[in-house]
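Thanks for coming, everyone. I have one structure to walk through today. Please take a look at it before I start.

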Amino acid sequence: MIFSNIYEENQFPFLGETIEKCFQYVKDHDLLSYEKGCHEIDGDDLFVNIVEYETTSADQRFWEAHRQYLDLHIMLRGREQIDLGFIDKMEQKPYVEKDDFLPLEGEPNSHVVLTDGDFLLCYPKDAHRTAVAVDAPETIKKAIFKIRIK
């Protein structure tokens with residue numbers, strides 16, 4: 001996993017062309033004005049989910065990981081804690097291939113707090129539990145780029 005701010009992306013030239021394409025997409029489009037839902041960029045290989053929800057307590061949330069896609073979370077508005085762990089240190093439940101969803105159970109190794117412009121890139125071994133409130137519940141808006149692993 002990599003945590004930083006979208007305006008520091010030049011610190012990560014090793015992330016590759018597709019990740020750079022996502023950063024440029026954010027800069028070229030007013031994602032705050034996008035409706036919630038899935039927005040195609042390059043078919044099933046690259047798309048962005050715009051989500052808007054209220055954060056809550058960690059015990060109300062679930063752990064997940066993905067095998068077919070990288071997740072690039074970019075905060076558009078608000079603050080959200082994302083708990084982090086490694087799937088090898090957690091109990092893995094049955095993988096749901098059609099949703100690319102690996103449910104997990106376990107305890108966090110650490111967490112990050114995303115604020116406007118921050119990003120978190122999650123790889124297949126990275127467990128994440130999203131939508132955790134920082135101080136109090138708040139409504140956030142975020143872009144989650146889904147990048148197919150080739």
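I will go through the sheet, the helix that packs on it, the cores, strand 6 and the cysteines. Keep in mind that this is a predicted model.

Start with the sheet. It is open and has 6 strands, in the order 1-10-5-12-3-2, with antiparallel pairing. Strand 1, residues 2-5, and strand 2, residues 37-42, stand at the edges. Each has a single partner strand, so one side of each is left without a neighbour in the sheet. On average, neighbouring strands here are turned by 20° against each other, ignoring direction.

Look at the edge formed by strand 2. Strand 2 runs antiparallel to strand 3, and 5 bridges join the two. One pair to find on screen: glycine 37 has isoleucine 50 in strand 3 as its bridge partner.

Now helix 1. This helix packs on the sheet. It touches strands 2, 3, 5, 10 and 12. Its direction makes about 145° with that of strand 12.

Next, the cores. In soluble globular proteins, nonpolar side chains tend to be buried together. Here, the largest nonpolar core has 23 residues. Which of them touch the most other members? Phe23, Leu31, Leu72, Ile74 and Phe145 do. Several elements give two or more residues to this core: helix 1 (17-28), strand 3 (46-54), strand 5 (69-77), strand 10 (118-122) and strand 12 (139-148). Helix 1 gives the most, with 5 residues. There is also a second, separate core of 8 residues, and Met75, Leu84, Val112 and Cys122 are among them.

On to strand 6, residues 80-86. Of its 7 residues, 6 are buried, so to speak of it as mostly covered is fair. Strand 6 has two antiparallel pairings to look at. With strand 9, residues 110-114, there are 5 bridges. There, glutamine 81 stands opposite valine 113. With strand 11, residues 126-132, strand 6 again pairs over 5 bridges. In that pairing, leucine 84 has histidine 128 as its bridge partner.

Last, the cysteines. How many disulfides are there? The count comes to 0, with a cut-off of 2.5 Å between sulfurs. Take cysteine 22. Its closest cysteine sulfur is in cysteine 38, 13 Å away, and that is too far for a bond. Cysteine 38 has its closest cysteine sulfur in cysteine 22, also at 13 Å. Are these two buried or exposed? Cysteine 22 counts as buried, because its relative accessibility is 1%. Cysteine 38 counts as exposed, because its relative accessibility is 52%.

That is the tour.

Terms used: Residues numbered from 1 in each chain as written. Predicted model: local features only at pLDDT ≥ 70, side-chain atom pairs only at ≥ 80, totals over all residues. Heavy atoms only, no water. Core = buried A, V, L, I, M, F, W, Y, C linked by side-chain atoms within 4.5 Å. Buried < 20%, exposed > 50% of the residue type's maximum accessible area, 1.4 Å probe, protein only. Helix = DSSP H or I, 4+ residues; strand = E, 2+ residues; numbered from the N terminus. Pairing = 2+ DSSP bridges. Axes fitted to C-alpha atoms, helices over the stretch in contact; angles between N-to-C directions. Contact = heavy atoms within 4.5 Å.
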